[in-house]
Amino acid sequence: MILGSAIDIVERCGVPRFYFVDFPLGNPCGKPYDQEMQGSIVSKALSLFVSASEARTVVKDPNRWGSEEWRERYMEINPEDREKMLRQGEERRRKRQHLRDIGHTRKD
């Protein structure tokens with residue numbers, strides 16, 4: 001069972017059970033600090049283990065993030081943040097390469 005937001009990708013993969021939450025990626029269980037919403041989403045998603053009676057079952061959660069403005073700004077990069085993000089990416093790549101060079105891989 002998958003709990004997530006990327007419905008187009010997950011439906012194409014054909015997973016057995018998918019609980020779809022129409023929220024920004026990275027927030028499949030609900031808004032940060034909203035324990036009531038998070039508990040509700042997780043509970044409903046887990047119920048798919050019992051209720052799904054056929055392959056590729058998709059259930060869409062009724063909760064909404066609130067305003068739809070997040071869709072317009074999602075993954076937006078402001079020009080003033082571009083250089084900072086490029087530096088952070090380079091630093092991350094250097095660190096990962098160093099770890100590979102000393103024998104640390106993801107399987108470790």
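Buried means under 20% relative accessible area. The close-ups below come from a predicted model.

**View 1. Ser5, a buried residue in the loop between β1 and α1.** Ser5 has a relative accessible area of 15%, and because the limit for a buried residue is under 20%, Ser5 counts as buried. The loop that holds Ser5 runs between β1 (2–4) and α1 (7–13). Leaving aside residues up to four places away in sequence, Ser5 touches Phe18, Phe20, Val21, Phe23, Pro24, Leu25 and Pro28.

**View 2. Polar contacts from the side chain of Ser5.** One partner is the backbone oxygen of Val21, reached by the Ser5 side chain at 3.0 Å. The backbone oxygen of Phe23 is also reached by this side chain, at 3.2 Å. Val21 and Phe23 are also among the residues that Ser5 touches. For scale along the chain, Ser5 and Arg64 are 59 residues apart, and their C-alpha atoms are separated by 12 Å.

**View 3. Surroundings of Phe23.** With residues up to four places away in sequence not counted, Phe23 is in contact with Ser5, Gly30, Lys31, Met37, Ile41, Asn63, Arg64, Trp65 and Trp70. Phe23 belongs to the largest nonpolar core, and that core also includes Met37, Ile41, Trp65 and Trp70.

**View 4. The largest nonpolar core.** Ten residues make up this core: Tyr19, Val21, Phe23, Met37, Ile41, Ala45, Leu48, Ala52, Trp65 and Trp70. The element that gives the most to the core is helix α2 (residues 35–51), with four residues. A second core, separate from this one, has five residues, including Ile7, Val15, Phe18 and Phe20.

**View 5. A nonpolar patch on the surface.** The patch is formed by Met1, Val42, Leu46, Phe49 and Val50, and together these residues have about 460 Å² of accessible area. Val50 is located in helix α2. Its relative accessible area is 75%, so Val50 is exposed, given that exposed means over 50%. Val42 is found in helix α2 as well, but at 32% relative accessibility Val42 counts as partly exposed. From Val42 to Gly26 the C-alpha distance is 15 Å, with their positions 16 residues apart in sequence.

**View 6. Tyr33, with positive phi.** Phi of Tyr33 is near 70°, a positive value in a residue other than glycine. Tyr33 sits in the loop between β2 (17–20) and α2. The relative accessible area of Tyr33 is 81%, and the residue is therefore exposed.

**View 7. Arg56, with positive phi.** The phi angle of Arg56 is near 60°, again a positive value in a residue other than glycine. Arg56 is placed in the loop between α2 and β3 (57–60).

Key:
Residues numbered from 1 in each chain as written. Predicted model: local features only at pLDDT ≥ 70, side-chain atom pairs only at ≥ 80, totals over all residues. Heavy atoms only, no water. Core = buried A, V, L, I, M, F, W, Y, C linked by side-chain atoms within 4.5 Å. Buried < 20%, exposed > 50% of the residue type's maximum accessible area, 1.4 Å probe, protein only. Helix = DSSP H or I, 4+ residues; strand = E, 2+ residues; numbered from the N terminus. Contact = heavy atoms within 4.5 Å. Patch = residues over 30% accessible without salt bridge, like charges linked within 9 Å, V, L, I, M, F, W, Y side chains within 5 Å. Areas by Shrake-Rupley, 256 points an atom, 1.4 Å probe, with all protein chains shown as cover. Salt bridge = Lys/Arg side-chain N within 4 Å of Asp/Glu carboxyl O. Polar contact = N/O pair within 3.5 Å; in protein donor to acceptor, adjacent residues only side chain to side chain.
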